Every structure is written in C-alpha cells, then in structure tokens.
Amino acid sequence: MAIKHQQETDLAPQKVLIDPPAMWRVVLLNDDFTPMDFVTTVLQTFFAMDYERATQIMLKIHTEGRGICGVFPKDVAATKVSEVTHFARQHQHPLQCIMEIR
C-alpha cells in the first residue's frame, strides 16, 4: 500500500544574504624602549611591507603613538598579534601589538 505524502510545494528561490566577516585592525603601539629598526623589521616580516612603507608606518607609530599595520579577518588578526608579541618578547622588547574592530 502506497503512503501519500503532503503535496510538494515549489518555493520561490530566495537570495541568501551573508554579511562579510568583520574586519579587524592590527595596531602597533609606541613605547620608549623598542628600537625603531626592530619595529621596521616587524612590519617587514609579519606584514609583508617593503622597507619604505615599513619606515613610514614606524615613524607614524613613533610620532603619533600608534600605527595600523593591516586590516584582517578576526582569526588572522589574532594570529598576527600573537606572532608579533611572541617575536618581540623573544627579543626582549616590550612592543605592544593589539587588534581592534574596524
């Protein structure tokens, strides 16, 4: 004996709107102890900046107290912060790297 199912209904296709992931700024903060050349090295190593761009950002950090190194999805930003902080501590520098929502 066949079992009857509810009558099939065609649904109108709907667009699914997915918001892009929130982006986070990775920021270096100025301090009175970390050498400028170390900050430039960090910018080149962890943020793929050429020497000129890294120097510009380093000077901004030095004169304004902070500088944005890049904008990334949350997990990438958190990894960058962790890597930079670990690298600075390995070299006995108090450089602070933070992330903030864009």
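Buried residues account for 31% of the 102 residues in the protein chain of this predicted model. The chain exposes about 7,800 Å². Carbon and sulfur atoms supply 55% of that exposed area. Among contacts with a separation of 6 or more, 72% join residues 24 or more positions apart.

**Layout**

The chain holds three helices and three strands. Along the sequence they follow the pattern β-α-α-β-α-β. The strands form an open sheet with antiparallel pairing, in the order S2-S1-S3. Strands S2 (66-73) and S3 (96-101) stand at the edges. Each has a single partner strand, so one side of each is left without a neighbour in the sheet. On average, neighbouring strands are turned by 25° against each other, direction ignored.

S1 (residues 23-29) and S3 run antiparallel and are joined by six bridges. One residue pair to look for is Leu-29 with its bridge partner in S3, Gln-96. Helix H1 (residues 36-47) packs on the sheet and touches S1 and S2. The direction of H1 makes about 155° with that of S1.

**The core**

The largest nonpolar core has 23 residues. Val-26, Leu-28, Val-42, Leu-43, Phe-47, Val-84 and Leu-95 touch the most other members. Two or more residues come from each of S1, H1, helix H2 (51-64), S2 and helix H3 (74-90). H1 gives the largest share, six residues.

Leu-95 shows how this core is wired. Leaving aside neighbours within four places in sequence, Leu-95 is in contact with Leu-28, Leu-29, Asp-31, Thr-34, Phe-38, Val-39, Val-42, Val-84, Ala-88 and Arg-89. Among these partners, Leu-28, Val-42 and Val-84 also appear in the list of core residues that touch the most other members.

**Two loop residues with positive phi**

Ala-48 has a positive phi although it is not a glycine. Gln-92, another residue other than glycine, also has a positive value. The table sets out both.

| Residue | Phi | Loop | Relative accessibility |
|---|---|---|---|
| Ala-48 | about 50° | between H1 and H2 | 72% |
| Gln-92 | near 60° | between H3 and S3 | 73% |

Exposed means over 50% relative accessible area. Ala-48, at 72%, therefore counts as exposed. Gln-92, at 73%, counts as exposed too.

Key. Residues are numbered from 1 along each chain as its sequence is written. This is a predicted model: local features need pLDDT of at least 70, side-chain atom pairs count only at pLDDT 80 or more; totals for chains, interfaces and linings use all residues. Side-chain values use heavy atoms; hydrogens and water are left out. Two strands pair if DSSP finds at least two bridges between them. Helices (H or I, at least four residues) and strands (E, at least two) are DSSP runs, numbered from the N terminus. Axes are lines fitted to C-alpha atoms, for helices over the stretch in contact, and angles run from 0 to 180 degrees between N-to-C directions. Contact means heavy atoms within 4.5 Å. Buried means under 20% relative accessible area, exposed over 50%, partly exposed in between (1.4 Å probe, protein chains only). Accessible areas come from the Shrake-Rupley method with a 1.4 Å probe; for residues, only the protein chains shown count as cover. A nonpolar core is a set of buried Ala, Val, Leu, Ile, Met, Phe, Trp, Tyr and Cys residues joined through side-chain atoms within 4.5 Å.
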